[in-house]
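Got your viewer open? Let's take a walk through this structure together, beginning with the whole view and then stopping at a few single residues.

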Amino acid sequence: MTADLAAAPGRVVVVGAGMVAHRFAEQLCRRDGDWTLTVIGDEPHAPYDRVHLSEVFAGRTAEDLVLDASVWDDPRTTLVTGDRVVSLDRAAQTVTTASGRVEPYDQLVLATGSWAWVPRAEGTDLPGVLRYRTLADLVDLRTWVEGRAAALGRPLRGVVVGGGVLGLEAAAALGTLGVAPTVVEFADRLMAVQLDAGGGEALRVLVTELGMEIRTSTAASRVLAGAEGTVAGLELSDGEVLPADVVVYSTGIRPRDRLAREGGLPVAERGGVVVGPTCRTEDPAVWAIGEVASHDGECAGLVAPGNAMADVVVDRLFGGDKVYSKAADGTKLKGVGVDAAAFGDVLGLTPGALEVTFADPVARTYRKLVVSDDARVLLGGVFVGDIELYSQLRPLLGRPLGADPSAFLAPAGGAAPVQTDLPDDVVLCSCSNVSVGTVRAAVTEHGCRSVGEVKTCTRAGTVCGSCVPLLTKVVNGTLEKAGFTVSNAMCEHFGMPRAELYALVRTEGLRTFSEIVARHGQGRGCAVCKPVVASILSSLGIGHVLQPDQVTLQDTNDRLLGNMQKDGTYSVVPRMPGGEITPDKLLAFAQIADDFGLFTRVTGAQRIGMFGARQDQLPEIWRRLVDAGFESGQAYGKSLRAVKTCIGSTWCRFGVQDSSTMAVRLELRYRGLRAPHKFKVGVSGCARECAEARGKDVGVIATEKGWNVYVGGNGGFTPRHADLLAEDLDDDRLIQVIDRFLALYVRSADRLQRTAPWVASYPGGIDALRRVLVDDADGIGAELEAEVARHVGAYVDEWRATLEDPEMLRRFTPYVNAPDATDTDLSYVPVRGQARPARPDEQGYPDLLSARAAGTEEER
């Protein structure tokens with residue numbers, strides 16, 4: 001490489017705008033010099049996160065998946081989308097696009113990726129035969145399914161051809177869209193490339209329980225057409241015909257190497273542009289990275305090796321000596337609702353390899369380690385149903401385990417702890433190619449004091465997230481060695497804080513307290529950790545709070561969906577978004593309060609509350625409220641209480657924005673969102689601040705240009721004014737910022753920690769929080785927004801659901817052996833036309849109705 005090239009690579013052009021191209025651009029932008037970069041992609045989107053593609057069906061949009069857009073803010077970079085490169089002139093050193101754009105280059109990087117291969121078979125060109133690889137494919141799938149369901153007026157039947165990772169994700173997507181999926185796999189097991197026979201069978205059992213039908217050891221022969229000329233079925237090689245309204249092919253990928261072929265570059269026998277360890281092709285001005293590059297006759301199908309190749313090329317362009325070497329593949333199943341992961345020599349093909357297996361058919365788990373003939377060196381691993389060990393052991397691939405392999409696979413409670421004192425050269429995050437040494441240096445040399453700061457500094461854990469548990473252990477271990485105190489224990493049952501437990505539950509997809517305590521705790525739990533776990537499960541939208549495996553974790557208020565009062569009765573506070581209520585609802589409310597003799601008042605949260613309801617009365621009171629159009633106001637839970645607002649510009653002559661409409665929008669968006677503590681929101685229509693927004697967890701104040709948003713305020717024992725987070729936001733941007741704030745708070749706050757102390761103690765203060773939430777410095781904005789979007793899409797009124805479930809209603813019977821009995825110890829006295837609980841020294845009335853009827857003036 002010449003000195004001139006080492007000093008400045010000149011005009012760099014990248015063909016392809018996927019994740020690897022984005023990584024290349026990101027790394028190049030960190031380099032000084034007089035260079036320019038043009039990235040040209042044929043998709044209409046900026047580079048997006050293909051790893052989490054299936055999350056589109058969980059509420060994420062194309063915009064949510066877009067990778068860090070700040071790369072394109074560099075004046076030296078240009079991004080071209082929706083324009084395919086059609087020809088390469090190596091002699092002139094130019095590429096030409098379909099639109100006629102001619103782009104000259106000094107250095108050309110091919111990052112064209114792969115395309116979804118569909119075998120030649122009759123009927124594969126029929127309407128309703130689709131692929132599953134790009135955002136456009138997912139849009140086509142949703143459009144087809146929704147259109148056919150409307151046309152046929154019945155649930156659809158779907159078939160996915162291919163039982164690999166993407167095939168299972170496609171089947172899960174069909175299930176999400178209401179289509180009954182069947183998976184057809186030519187091999188004798190699912191994920192045949194990644195799993196052994198035992199792991200494949202364990203996975204089959206788990207996905208079958210999710211509603212998928214599985215056909216293995218058979219192939220798709222032809223797609224059958226119906227009377228309308230669209231897909232109607234799939235014929236298998238064994239003669240079976242599967243009815244189908246949609247067929248999705250996920251039968252593998254092929255490198256998109258046409259441009260290189262036509263440009264005269266050598267192409268491997270199985271496809272892919274031939275490159276050496278420098279990722280350079282035969283042409284010294286042309287490089288290839290990612291899935292289109294064939295290194296040692298193989299094309300990598302994962303993002304991690306593509307990122308490593310991008311790093312090599314950037315280094316070489318500036319005179320470095322980095323080389324690419326193939327690392328062992330690891331695969332984790334995502335977006336299906338079943339845990340499965342594997343790495344290394346899963347089939348034990350290494351000479352002398354030993355296999356250590358533990359299968360639990362009751363718990364539906366399968367774990368296997370492959371080790372060397374002396375049982376010392378880790379060669380591979382397979383995990384189905386329980387993948388906790390995957391992130392911990394994968395970095396040890398090819399290294400000594402340091403313990404008996406069987407100790408790692410022992411049932412919960414007997415597993416050997418994995419050391420965090422790993423060698424510095426161990427790759428902790430394979431996606432971003434971050435070593436343990438780099439993580440430690442972030443703590444000891446760059447001043448990072450939390451996992452979040454380390455992620456920002458190193459990019460570890462920011463792609464697939466599977467390394468986060470191990471990353472957390474390494475960071476905390478390094479902090480402790482450096483003399484910093486790391487608080488871990490939540491209680492004697494969980495040796496970690498709430499935030500870490502939340503991350504583990506979320507990452508591993510755990511669903512019950514039993515699963516969580518078995519993997520990450522000990523004993524049977526206590527009054528401290530049980531409500532925390534209940535809150536985490538509720539925050540993740542895992543079922544109703546009164547379902548059998550969650551109700552025992554709840555405190556009294558959540559168990560009875562009401563706030564207990566001093567005399568043992570309960571309050572009833574329905575939601576009134578924006579403090580608004582129609583006359584019809586107001587009449588219904590008044591009639592219910594009158595019939596049950598309840599004390600009524602307007603609350604500080606602009607709602608009307610009823611007080612004095614007995615446990616056994618709650619279902620009937622709520623049945624009538626629900627029938628009148630009310631829903632639960634969650635006045636009993638650690639969740640959104642209410643959004644307080646002024647009347648705003650609709651009525652007030654001083655209002656500059658419609659605060660009432662914004663308050664209703666916010667309340668309907670965040671209703672029922674469980675958090676480490678209750679939180680309140682205020683929206684003021686002008687700077688006069690009638691809604692007292694700066695005293696709320698989230699405060700919104702209107703300006704002439706939009707909205708200012710404040711966070712971390714509260715009243716209470718230690719009042720705190722909220723801090724300004726962002727200014728002059730339009731409506732949608734305001735929602736985006738608040739989404740991110742609440743999702744990050746739910747993720748990372750400690751148990752029972754309000755937003756005020758959480759914001760006050762955030763590392764780096766409000767400025768650091770602003771960088772994460774407003775500027776998206778960590779690149780997690782889309783992920784945080786998706787979590788709120790999932791909550792919004794899955795919201796169900798808790799009381800309405802309770803009234804529809806006889807088992808839940810049984811919990812409101814106060815006496816098991818006397819279901820018709822009521823509490824005779826209640827006593828009341830009249831006050832201002834209503835009734836209040838009697839003090840110990842007062843002779844009151846046995847019930848609210850008689851106390852209220854006794855007088856309409858204050859007797860005492």
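## The whole chain

Start with a cartoon view of everything: the protein chain has 28 helices and 39 strands. With a radius of gyration of 30 Å, close to the 29 Å that the globule rule gives for 860 residues, the chain is as compact as a globular protein of that length. Keep in mind as you look around that this is a predicted model.

Now turn the view and look along each principal axis. The C-alpha trace spans about 100 × 70 × 60 Å along those axes.

Next, switch on the surface. The accessible surface of the protein chain comes to about 36300 Å², and carbon and sulfur atoms hold 50% of that area. How much of the chain counts as buried? Of the 860 residues, 53% do.

Try showing contacts too. Take those between residues at least 6 apart in sequence: 61% of them join residues at least 24 apart.

Then colour by charge. You should find 90 positive and 112 negative charges, and the mean positions of the two sets are 3 Å apart.

## Stop one: Glu169

Select Glu169 and zoom in. You'll land in helix H5, which covers residues 165-176. Is Glu169 buried or exposed? With a relative accessible area of 5%, Glu169 falls under the 20% cut-off, so Glu169 is buried.

Which residues does Glu169 touch, leaving aside neighbours within four places in sequence? Select Ser54, Tyr132, Lys334 and Val336 as well, since Glu169 is in contact with these.

## Stop two: Met191

A bit of background for the next two stops: most residues other than glycine have a negative phi.

Now select Met191 and look at its backbone. Phi here is near 45°, a positive value in a residue other than glycine. To get your bearings, find strand S11 (180-185) and helix H6 (197-209); Met191 lies in the loop between them. Turn the surface back on and you'll see that Met191 is buried, with a relative accessible area of 0%.

## Stop three: Asp296

Last, select Asp296. Where does Asp296 sit? Look in the loop between strand S20 (293-295) and strand S21 (298-299). Asp296 has a positive phi as well, about 55°, although it is not a glycine.

Check the surface once more at this stop. Asp296 has 68% relative accessibility, which is over the 50% cut-off, so Asp296 counts as exposed. Flip between the last two stops to compare: Met191 is buried, whereas Asp296 is exposed.

Technical notes. Residues are numbered from 1 along each chain as its sequence is written. This is a predicted model: local features need pLDDT of at least 70, side-chain atom pairs count only at pLDDT 80 or more; totals for chains, interfaces and linings use all residues. Side-chain values use heavy atoms; hydrogens and water are left out. Helices (H or I, at least four residues) and strands (E, at least two) are DSSP runs, numbered from the N terminus. The radius of gyration is taken over C-alpha atoms; the globule rule is 2.2 Å times the number of residues to the power 0.38. Buried means under 20% relative accessible area, exposed over 50%, partly exposed in between (1.4 Å probe, protein chains only). Contact means heavy atoms within 4.5 Å. Accessible areas come from the Shrake-Rupley method with a 1.4 Å probe; for residues, only the protein chains shown count as cover. Lys and Arg count as positive and Asp and Glu as negative; His and the chain ends are not counted. The place of a charge is taken as NZ of Lys, CZ of Arg, CG of Asp or CD of Glu.
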